[in-house]
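Dear colleague,

I am handing over the structure shown below. Please look at it first; an account of what was found in it follows.

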Amino acid sequence: MKLFYACIALILLISSCSQKASENQVFTQRIIATGNTLEEIRFEPDSFSIPSGASVKINLVNQSEHQSMFHNMVICTFGKTSEIGFKGIQAGKKNDFVPPNNANVLANSTVINPGDSTHFNFMAPAPGKFSYVCTFPGHYSIMQGVLTINVK
Ligand SMILES: [Cu+2]
């Protein structure tokens, strides 16, 4: 009988360990910023979803070839793309066109040159929807996507 309880305890221990491992799972998403004219610029994909609580790594690739096509990626409160885009322009190049200390910004990359890539990390918050947007001047009304945080 003691062996039986020991086995149960071991099974519970193992299952709680694997639970912890999944909570700390790193979720990686590749996002391509592309296009060489204002008509073409876009994020691919323009929507993705991640589980709440996940540790998220975004790999952002600037696949535009035109020398004026700089991009960044700012994840913000759903629907706040215009406000963040406008305030981002005011914040200027020194802030990567991201308004500093803004409660509506969840996470962001730096601005990257055509052909370059970068990455940034954040913890996925409670379930809900977020927008993502490129705030390089002239892009925020066009380059947008939707991030859905799912129940894990
Ligand atoms: Cu852009």
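Across which strands does helix α2 lie? This is a predicted model, and in it α2, residues 81–91, lies across β5, β6, β8 and β9. The helix runs at about 35 degrees to β8.

The strands beneath this question belong to an open sheet of 5 strands, in the order β3-β9-β8-β5-β6 and with mixed pairing. At its edges stand β3 (47–51) and β6 (105–108); each has a single partner strand, so one side of each is left without a neighbour in the sheet. From one strand to the next, the twist averages 25 degrees.

The pairings within this sheet are as follows. Strands β3 and β9 run parallel and are joined by 5 bridges; here proline 51 has asparagine 150 in β9 as its bridge partner. Strands β8 and β9 pair in the antiparallel sense over 6 bridges, and serine 131 has valine 146 in β9 as its bridge partner. Strand β5 (residues 74–77) runs antiparallel to β8 (residues 128–133), with 4 bridges between them. There, valine 74 is partnered by valine 133 of β8.

The side chains of β9 (144–150) alternate along the strand. Gly145, Leu147 and Ile149 point to one face and are buried, whereas Gln144, Val146, Thr148 and Asn150 point to the other and are not.

Turning to the helix, which residues of α2 are buried? They are Thr81, Ile84, Gly85 and Gly88. Seen down the axis of α2, these buried residues fall within an arc of 100 degrees, so they line one face of the helix. An α-helix has 3.6 residues a turn, so residues three or four places apart point the same way. The buried residues of α2 pack against β5, β6, β8 and β9. Just after the helix, glycine 92 takes a positive phi of about 85 degrees.

There is also an open sheet of 4 strands, ordered β2-β1-β4-β7, with mixed pairing. Its edges are formed by β2 (42–44) and β7 (117–123), each with a single partner strand, so one side of each lacks a neighbour in the sheet. On average, neighbouring strands of this sheet are turned by 25 degrees against each other, direction ignored. Strand β4 (residues 55–62) and β7 run antiparallel and are joined by 7 bridges. Within β7, phenylalanine 120 stands opposite isoleucine 58.

With kind regards

Key:
Residues numbered from 1 in each chain as written. Predicted model: local features only at pLDDT ≥ 70, side-chain atom pairs only at ≥ 80, totals over all residues. Pairing = 2+ DSSP bridges. Helix = DSSP H or I, 4+ residues; strand = E, 2+ residues; numbered from the N terminus. Axes fitted to C-alpha atoms, helices over the stretch in contact; angles between N-to-C directions. Contact = placed C-beta atoms within 7 Å. Buried ≥ 20, exposed ≤ 12 C-beta atoms within 10 Å, placed from the backbone. Arc of directions from axis to C-beta.
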